[in-house]
Every structure is written in C-alpha cells, then in structure tokens.
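Here are a few short exercises to work through with the model open beside you. Try each task before reading its solution.

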Amino acid sequence: MTVSRLARTIRESATLRLNEEARILREKGEPVIHLGIGEPKNKAPINALLVSAARLSSGDVKYTPTDGTPSLKKAIIRYMEEQYDRLPAPENIIVSTGAKQSLYNILFTLIDPQDEVILLAPYWVSYPEMVKMVYGIPVIVVPEDGTFHPRMEEIERAVSSYTKAIIVNSPNNPSGILFNEAFISEIVEFCESKGIYLILDDIYQKLVFDGLRAVPAYRYTQKDIDSSHLIVVNGVSKLYGMTGFRIGWVTGPRKLVEVMTNIQAQTTSNPSVISQAAAEGALMGVQSVVESLRLTIQNNRDVIMQELQSFNGVYTVKPQGTFYCLPDFRAYEQDSEKLSQFLLRKALVVTVPGAEFGMQGYLRLSYAGAVKDFTEGLERMKWALDPEAPNEIYIGDRKLVRDWL
Ligand code: PMP
C-alpha cells in the first residue's frame, strides 16, 4: 500500500485516539474515567431538537445551498450582530460541518505551499496538522515567560515575508486562558496594517467565567468586514454543547467566503440540513441554556482547581474559560505522553499529553463531565502518583495495581 507523502506526515488526532482507547476499555467493562473529553454532558437545547425534528418529519431532507440555508444564516447574522456589534451580509458567512471544516476551508483558501501560519502555544491539536495538509508551514510561538499568554513582541519576531495568517483561540483550548483586551487590540492592529490574516477561533467565546467577557476583535478595526483581514470562526459545538450536530461557520470578507464555498462545493457540499435546522433552532431559542451551561462549567472549574491543589508540586493556571485546564506535571514526569499512558494503564484515567498542544510536561484535563467523575479521576491520579500511597486500590471489585512510573 502506498499513501501520499503529504498524508504520511499527518498525525492521528490524539484526542480522538484517546476517545477510542477509552471506549474500547469501557466496552471491556473497565471503569475508565475520561478527563480528555471535549464535550459537556448537557442535552441539546429543546428548540434545536424541535426544529430539526420538524424538518426530519417533513421528509424534505435534501441538499441546501452549499454555504448554508438562508434561515440559518439569518440566525447567525443575528448572533454575530449581538456578539460583535457588526452586521455581516449573508455573503460574509459560510456554514460548514463543524468549526473543524470551517478552519480547514479557511486554510485551504489562504495558503500557498511554503506559506507560514503562526500558532500560539499552547495551541489546539489540529492547527499544525491542518496547516500541513494545505502544504503550509506551522510556525509555533511559545511564550517565553512561562505563562500561557503570548506577547506581541514574540509574535512579531516570528513573522516573516511568508507569514500569511495567525490563529488566535481565546478562550484557549487547552489552557483555558482568555487573551486580554490589550493583546487582542494590538494583534488586530498589527494584522490589519501588515495584511496578515487573523483567524479568530471563537468557538468557546460564551464559555467565560467570573464575569469576564471574550473580547470581540472587530471592535479594534475600522475596516468593514469585506476589507478587513479578520476571519472569525464560531459554531454550536461548545456554545450549546451540540458537538454531534457538526455545525460551524465562518464570518469573513465575501471574496474569501466565495472561494471557501467553491472548496466546500467540491468536497462535502452543504452540511446536513437536519443539523442546520438544529443549529437554527438553538440560535433562535431561549438563550438561558447557554448561561446554565456556563454556570455548570464554572462550578466544575472551581471544583477541579480545588482538587488540583492537593497534588504536590503541580501548578495550574486558573482557567478563565472553556472546560479545560493545563496543569504542569513536570514535578512528576517530564514526558507528558509517558505520564498520560501511565495514568491510563495504572489508574484507568484518560488525560491528554501537553506535548500534543506544544506544552511538554503538562496534561490537559477536562472538567466538562460530571463532578463526581472528574473528582474520582483526580483521586485515582493522586494515588497513582503518590509514592507513599498503598500499591493497590479497589474500584468496586476491580483491583488497580501501581508500579512506579
Ligand atoms: N477549535 C477548537 C479550539 C476546538 O477545541 C474545537 C473542538 N474541540 C474545534 C475548533 C472544532 O469544533 P467543531 O466540533 O465545531 O468541529
């Protein structure tokens, strides 16, 4: 079997692989706790279900315009106006099969071979692979001060004549950090003046804690959407916990959206009409579901921060958004893949190695699940990592045996 040179360079999705490993272990009856999970436990909003069920039972399940149904776009325009204080035209928007496809469409549209895309570590796992998939070069900027907040000087140093785009994800998966207003305004100004595209992955924008708000980047540009270099990505996966519906969208200059639509038309066509109806239902329904999801997750964040304090030598930056945190486990082990494997084998706890996000020595933990599950997961991790703890414990009648890392 021969696969292309490009395909060979693309890494497997670590998070999806871990999901699969956990599923197989669970099927075998193993009491696995999944702290790698990227989705909350909530049910889809009722209006999403009603609107999509109505579409389904009408039997009218056909192709839609490639870039999304006019009625979903109308709902998106309303959302964008509310969140960003900008009124996009329908031609500024393309709906895709998840924000993942939105991001891929953007990169496919912008990148020529050898073009560089700046990514800020810790970054979302898929960014570097997606950049490579369009023959681009990911350029990683790691904050030198050991925080998860990048500084403009560091980014400027990474810019070259090949820099085509910068991806900013705030609040950030995996760190939970919210980039501050000064940074967002500086980077918007920088990109607009240099003609570099600024891709804002805003899919966690409503999952922000402690009364903070994600800063809408459009506020810092005078340019209208069509002449601006800002490209904004959103979706229903994190906004409403509707991960399985697979709906994301891009807002950007219509010339780029037109090209993205051509790309999508030649690859997947429109996203499922049923899912589009669900997304429309969610966007047009009562928005208290977003707030209740946010409050649940904020409470989970407080619990996990408390629990993490009892690990010796582990420092965790307090997340201001998302449902992830990224504790520094270097006091136990420098190699996060090794540590993650150890925790899965010995404690049956799934974590995601920080190396996947450009942060070796850290582990990404999710607090999207039930409090009871993730606290139990942390208890098991504490046991597995404590040399003083007994060598065996029981989870029901399943004996866990630890030998040291
Ligand atoms: N961007 C980030 C930062 C994410 O964390 C995710 C999902 N984990 C996505 C994009 C993709 O989301 P979707 O489910 O809409 O494809």
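**Exercise 1. Describe the surface and overall build of the protein.**

Solution. Begin with the surface of this predicted model: about 17700 Å² is exposed, and carbon and sulfur atoms supply 52% of that area. Next, turn to the interior, where 57% of the 405 residues count as buried, taking under 20% relative accessible area as the cut-off. Then check the dimensions: along the principal axes, the C-alpha atoms fill a box of roughly 65 × 55 × 55 Å. Finally, compare with the globule rule: a compact globule of 405 residues would have a radius of gyration near 22 Å, so the 21 Å of this protein agrees.

**Exercise 2. Find out how the fold is put together.**

Solution. Count the elements first: there are 14 helices and 14 strands. Now look at the contacts between residues at least 6 apart in sequence; 73% of them join residues at least 24 apart.

**Exercise 3. Place strand 5 among its neighbours.**

Solution. Start with its cover: strand 5 spans residues 163–169, and six of these seven residues are buried. On to its partners. Strand 3 (residues 116–120) runs parallel to strand 5 and is joined to it by four bridges; within this pairing, Ile118 has Ile166 as its bridge partner. Strand 6 (residues 197–201) also pairs with strand 5 in the parallel sense, over five bridges, and here Val168 stands opposite Leu200. Last, trace the connection: strand 5, helix 8 (residues 181–194) and strand 6 form a β-α-β unit that is right-handed.

Definitions and conventions. Residues are numbered from 1 along each chain as its sequence is written. This is a predicted model: local features need pLDDT of at least 70, side-chain atom pairs count only at pLDDT 80 or more; totals for chains, interfaces and linings use all residues. Side-chain values use heavy atoms; hydrogens and water are left out. Buried means under 20% relative accessible area, exposed over 50%, partly exposed in between (1.4 Å probe, protein chains only). Helices (H or I, at least four residues) and strands (E, at least two) are DSSP runs, numbered from the N terminus. Two strands pair if DSSP finds at least two bridges between them. A crossover is right-handed if, with the strands pointing away from the viewer, the path from the first strand over the helix to the second runs clockwise. The radius of gyration is taken over C-alpha atoms; the globule rule is 2.2 Å times the number of residues to the power 0.38. Contact means heavy atoms within 4.5 Å. Accessible areas come from the Shrake-Rupley method with a 1.4 Å probe; for residues, only the protein chains shown count as cover.
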